[in-house]
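Biologist: Got a minute to walk me through this one? I'd like to start with the helices.

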Amino acid sequence: MNSLCLQRLQEERKKWRKDHPFGFWAKPTKKEDGSMNLQKWEAGIPGREGTIWKDAVYPITIEYPDDYPSKPPKVKFPAGFYHPNIYPSGTVCLSILNEDQDWKPAITMKQILLGVQDLLTSPNPDSPAQEPAWRAYAKNVQEYEKKVLEQARRYTK
Amino acid sequence: MGSNGIERLVGNERYSKMQGMKVLLVGAGGIGCELLKNLILMGFGEIHVVDLDTIDMSNLNRQFLFRQRDIRKAKATTAVRAVEYFSNSKLVAHQGNIMDSEVFPLSWFKQFNILFNALDNLSARRYVNKMSQFLNVPLLESGTAGFDGHIQPIIPGKTECFDCTAKETPKTFPICTIRSTPSQLVHCVVWAKNFLFQQLFGGGEQEMPSQEDMGTNDPSEIERINQETDELYQLHEWVQYGDETKVYDIIKKLFVHDIEKLLMIENLWRTRRKPVPLGNVQPYSEDINNDHHAMWSLQDNINKFAQSTKILMKRLKSEKSLEFDKDDQDMLEFVASAANTRAHIFNIQMKTVFDIKQIAGNIIPAIVTTNAIIAGLSSLVSLRVLNLLDIISNGPTNIPMAFTAKASNMSSHRYLVAPLLAPPNPKCPVCSHYQRTVITLNQESWQSMKLGDLIKKIRDRYGFSEEMSVMDMTSNRLLADFDFDDLYSQTLQGLRLNIGTILAVSDSISKEDDTVRKPIEFYLELDNLVNEIDFPALPLVRVIQEDETENPEEPKVDDGEPIFVDNGAILIEDEETRAEVDKQRKRAYSNVENASITKRPKVDEADAAIILLD
């Protein structure tokens, strides 16, 4: 029972309701008894217009640990998601989600989701998380784009 | 005999007051055993001891109320039995979890004049702190970690509560560091324990995608994903169905091929030293080094890795999946040899199995002397908290907390630093954020009242808006808010809002004046003498909703001027101590026996040496 974590998550929910970027959605998951679990959210991230990621909304889950906001949440795409910085399990490797790097307790859900949207179109070649997408991104752009477009089709809006 | 000493110290009148007092001791472990003895010798009238644990062999070196014959017996009852013969206090032992509100409801806590925490975990500490806040009963918090220890008296409403300062929790490491770029031995240990061991022997759920969350139904895509995750499965398959000959393949894969793959990612190594894949190494099954205190050579580690992998493969066949246990020799040796081999590859200094056990098990040795000193301070300071001493001005913030200093290099001049207590942190998520009260229902309304009705009653009674939200803090679930009323028609019983449930009710910002009704925490009690439902009155407080995400204040820097206080003492700032205290408190303690206190957002107490002017 960490009061700070739950208070902050209620804040996040209010903030998101007041103001969230166009095309995104986010909601807490429900527990079996019908109550809401503020420590686990589902969200959708639209691919940016004018990029190979466009016309799709990519599903993620956001899990907030009990130590949030001292510790960052864990963001996951579906397992096997094709992107150089996403682990085979779907876990996102992003500096603002890393306690040792750029995570700050003040970072909001909106900033996280925008950060992940940005990561989709601008992968970081210095932190590879999966081989196929990383290799293709570095060595075979055509193959990379083909796979990304295929994936976008599966998550069409 | 000890009683006489205390009697002289506090005077007859107060001593007889003490004999009428009831105290609660939570925890009968390292600090608890010492503290129980102290409390008895001080002469408190009635002492209740709560502990849910049983005695383990490893407790015997410091928990002196226990003997070998007591192993596996309940700590609370055994401790009480051990001290009964010299006790004039009434002693009551409870084997149970202090957070179990059916056994220990708030109404039970009410009987005590003071609570003593001698706990080993953060959640129970937080819980007792909250009970102390609900009841306005003082709490003496204490903890040790190795040579370090602390006590903190908590007087609700007057001094900082346990949660007024952020508690640092064990560090987690980013997955990227663990999997690709370790730079410390601890990264290799985490890799070996949480990733490799889990992958090979633990069922590997952590990183294995299941069919449902593939996020696609396209068969060719599923095939691709499977191919990609095959490598993860492969190792698991090898140990599950393979024979001993696979061990060499495992070594090759982990320590040669995987490293070669990492090396191909050139960007990773532009600013880092490149790892060196193992050369042509063969594990030998003779000349195995079994000395856990010796520094093993690379060959020793590889031999041990092969040996322990084989043993664990065999065990896996009968045990299905294994869970890491630092006290299981095969598992420990597996993790240690894998971590050391990986460390060698990444040019990191290897360590002995004994050292790695401490890292893998998050062990800081518990030291009996520290426990005894801390228990002594805890009981001594309780006299001041209970206002039993005739000394210098006894305002709550004139009572000291205490930290050990010398052993942890906090100060080279003295062993203890005793900063005075600070008033409650206005931003504290526990003591400052809420008003608190108890809602009492009778059985019938508990069974029939709907959540929606309860919400309406609370709203009307305490002045919340239509946008109020209700959070069940006991089971971390949101029951209702501005956008969620699905559960309104369910009964309290149906929602399992049992005795002891803590509900946090808060409001959204109102459009008119940016203030909200101050949030309230309610503790649910059941009492059939109550007519339907009872809500005690609370003052209506409106607060300005602060932006929680604004940057916290920068630590205030004191100028080191002497501070004069009214009792003829001069407090002299000790610069060296000041910086160190803060650093010291940031050490991660929380998963360590009895440990706790850490980070303070502000440096605001007089952390000082006291020189009395005669």
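Modeller: Sure. One thing to have in hand for that: the expected span of a helix is 1.5 Å times one less than its number of residues. And keep in mind that this is a predicted model.

Biologist: OK, so how far apart are the end C-alpha atoms of α11 in chain B, and what should the helix span?

Modeller: Helix α11 of chain B covers residues 298–319, 22 residues, so at 1.5 Å a residue it should span 32 Å. The end C-alpha atoms are 30 Å apart, which agrees.

Biologist: What does B:Lys320 do just after α11(B)?

Modeller: B:Lys320 takes a positive phi there, about 70 degrees.

Biologist: And α14 in chain B, what's its span?

Modeller: That helix has 18 residues, 368–385, so 26 Å is what it should span; its end C-alpha atoms sit 25 Å apart, which agrees. Just past α14(B), B:Asn387 has a positive phi too, of about 60 degrees.

Biologist: Which residues of α14(B) are buried?

Modeller: Among them are B:Ile374, B:Leu377, B:Val381 and B:Val385, plus B:Asn371, B:Ser378 and B:Arg384.

Biologist: Switching to strands. How many residues of β14 in chain B are buried?

Modeller: Six of the seven, so to speak: β14(B), residues 520–526, is mostly covered.

Biologist: What pairs with β14(B), and in which sense?

Modeller: Strand β9 of chain B (residues 435–441) runs parallel to β14(B), joined by seven bridges. In that pairing B:Gln435 stands opposite B:Ile520. Strand β12 of chain B (residues 502–506) pairs with β14(B) in the antiparallel sense, over four bridges. There, B:Ile502 has B:Tyr523 as its bridge partner.

Biologist: Now the packing. How many residues are in the largest nonpolar core?

Modeller: It has 101 residues, and those with the most contacts inside it are A:Leu113, B:Ile98, B:Phe109 and B:Ile458. Helix α6 of chain B (residues 122–135) gives the largest share, seven residues. Domain 1 (3–169 + 366–417) and domain 3 (437–544) of chain B each supply at least three.

Biologist: What is B:Ile98 in contact with?

Modeller: Leaving aside neighbours within four places in sequence, its contacts include B:Leu24, B:Val50, B:Trp108, B:Phe109 and B:Tyr127. Apart from the largest core lies another, of 53 residues, with B:Cys188, B:Trp269, B:Phe334 and B:Phe346 among them.

Biologist: Last one: what share of chain B is buried?

Modeller: Buried residues make up 54% of its 614 residues. Chain B exposes about 27,800 Å², with carbon and sulfur atoms supplying 49% of that.

Technical notes. Residues are numbered from 1 along each chain as its sequence is written. Chains are lettered from A and ligands numbered from 1 in the order in which they are written. This is a predicted model: local features need pLDDT of at least 70, side-chain atom pairs count only at pLDDT 80 or more; totals for chains, interfaces and linings use all residues. Side-chain values use heavy atoms; hydrogens and water are left out. A nonpolar core is a set of buried Ala, Val, Leu, Ile, Met, Phe, Trp, Tyr and Cys residues joined through side-chain atoms within 4.5 Å. Buried means under 20% relative accessible area, exposed over 50%, partly exposed in between (1.4 Å probe, protein chains only). Helices (H or I, at least four residues) and strands (E, at least two) are DSSP runs, numbered from the N terminus. Domain bounds come from an automatic or database domain assignment. Contact means heavy atoms within 4.5 Å. Accessible areas come from the Shrake-Rupley method with a 1.4 Å probe; for residues, only the protein chains shown count as cover. Two strands pair if DSSP finds at least two bridges between them.
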